[in-house]
Amino acid sequence: MKHWIRAILVVFLSAAAIAPPAVAQQAINDFIRYRDQQKWPDALRVIREEIRSPLTDERGYLSDIRLLGLSALANYADNYKLEPGMDEEAARYYREGLDYAGDDPVRKARIQHGMTLFYSLSSRNGLAIPYMKQELVIWQRLNNTYQVLLGYDSMASAYHDMGEEQLSRYYRRKALDIAKGYFVLGERPTDQNEWLSYDAILKK
């Protein structure tokens with residue numbers, strides 16, 4: 001479950017970090033470098049500094065760096081331990097991230113996913129479920145079939161980890177039912193990463 005949730009967020013983080021305002025590029029580059037090296041204390045330090053004293057006040061960017069903050073907290077907790085105060089810090093990033101996202105539904109979905117990651121990587125899937133559901137609602141409203149599919153599969157994995165096998169099977173069936181119509185060999189989708197995700201789902 002943890003690896004699957006983390007893999008989805010890597011895509012979100014890449015999308016969020018591709019084109020930050022030029023003035024903030026170095027801070028984001030530093031975060032990405034430490035992230036890729038799995039140096040989570042350094043990544044957390046860099047993004048905390050940027051959240052505390054951002055180099056731009058562009059609201060979308062302010063939402064994105066809070067997503068990066070949630071990612072850093074989650075991975076720090078996974079690789080080291082959940083430190084006192086991290087729950088409160090994550091909750092603050094969540095609230096502020098949603099506020100700065102404004103009317104952008106994709107950014108709102110990313111922030112929901114960031115909280116899912118935080119609770120999942122700190123071994124608290126029960127607390128992650130509500131955020132999964134809120135993210136799923138957004139993708140359903142946007143008619144994003146692929147993300148809805150991933151959402152159902154993530155919930156199936158979470159419930160499996162919690163020992164809730166009936167719910168796990170229910171959400172897995174929903175994911176596979178969508179996948180049957182979404183994936184057509186030789187036709188769609190054209191994104192190879194989506195096919196790799198489908199392969200991972202089938203192997204569970």
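Throughout these views, a residue is called buried when its relative accessible area is under 20%, exposed when that area is over 50%, and partly exposed in between, using a 1.4 Å probe and counting protein chains only.

**View 1. The whole chain is an all-helix predicted model**. Of its 204 residues, 50% count as buried. The secondary structure comes to ten helices and zero strands, where helices (H or I, at least four residues) and strands (E, at least two) are DSSP runs numbered from the N terminus. About 10100 Å² of the chain is exposed, and carbon and sulfur atoms supply 51% of that area; accessible areas come from the Shrake-Rupley method with a 1.4 Å probe, and for residues only the protein chains shown count as cover. Among contacts between residues at least 6 apart in sequence, 64% join residues at least 24 apart, with contact meaning heavy atoms within 4.5 Å. This is a predicted model, in which local features need pLDDT of at least 70 and side-chain atom pairs count only at pLDDT 80 or more, while totals for chains, interfaces and linings use all residues. Residues are numbered from 1 along each chain as its sequence is written, and side-chain values use heavy atoms, leaving out hydrogens and water.

**View 2. Helix 5 has a buried side and another side with exposed residues**. Helix 5 covers residues 86-101, and its end C-alpha atoms are 22 Å apart, in agreement with the 22 Å that its 16 residues should span at 1.5 Å a residue. That expected span is 1.5 Å times one less than the number of residues. Buried here are Met86, Glu89, Ala90, Tyr93, Tyr94, Gly97, Leu98 and Ala101. They cover an arc of only 160° around the axis, so they sit on the same side of helix 5; the arc is that of the directions from the helix axis to the C-beta atoms. Look to the other side of helix 5 for Glu88 and Arg95, which are exposed. Cover for the buried residues includes helix 3 (40-52), helix 4 (59-79), helix 6 (105-121) and helix 7 (125-141). Just after helix 5 comes glycine 102, with a positive phi near 60°.

**View 3. Helix 5 packs with helix 6**. Their axes are 9 Å apart and meet at an angle of about 170°. Axes are lines fitted to C-alpha atoms, for helices over the stretch in contact, and angles run from 0 to 180 degrees between N-to-C directions. The two helices are therefore roughly antiparallel to each other, a term used for angles over 145 degrees. From helix 5, Met86, Asp87, Ala90, Tyr94, Gly97, Leu98 and Ala101 meet Arg107, Lys108, Ile111, Gln112, Met115, Phe118 and Tyr119 of helix 6.

**View 4. Helix 9 lines up its buried residues on one face**. With 18 residues, helix 9 reaches 25 Å from first to last C-alpha, close to the expected 26 Å. Its buried residues are Ser168, Tyr171, Ala175, Ala179 and Tyr182. Seen down the axis, they fall within an arc of 85°, so they line one face of helix 9. These residues pack against helix 7, helix 8 (145-161) and helix 10 (192-202). The face turned away carries exposed Gln166, Asp177 and Lys180.

**View 5. Alanine 179 is buried, and alanine 22 is exposed**. Alanine 179, in helix 9, has a relative accessible area of 1%. Beyond its neighbours within four places in sequence, alanine 179 is in contact with Leu149 and Tyr198. Alanine 22 belongs to the loop between helix 1 (2-17) and helix 2 (25-36), and its relative accessibility is 71%.

Technical notes: Parallel < 35°, antiparallel > 145°, perpendicular 65-115°, else oblique.
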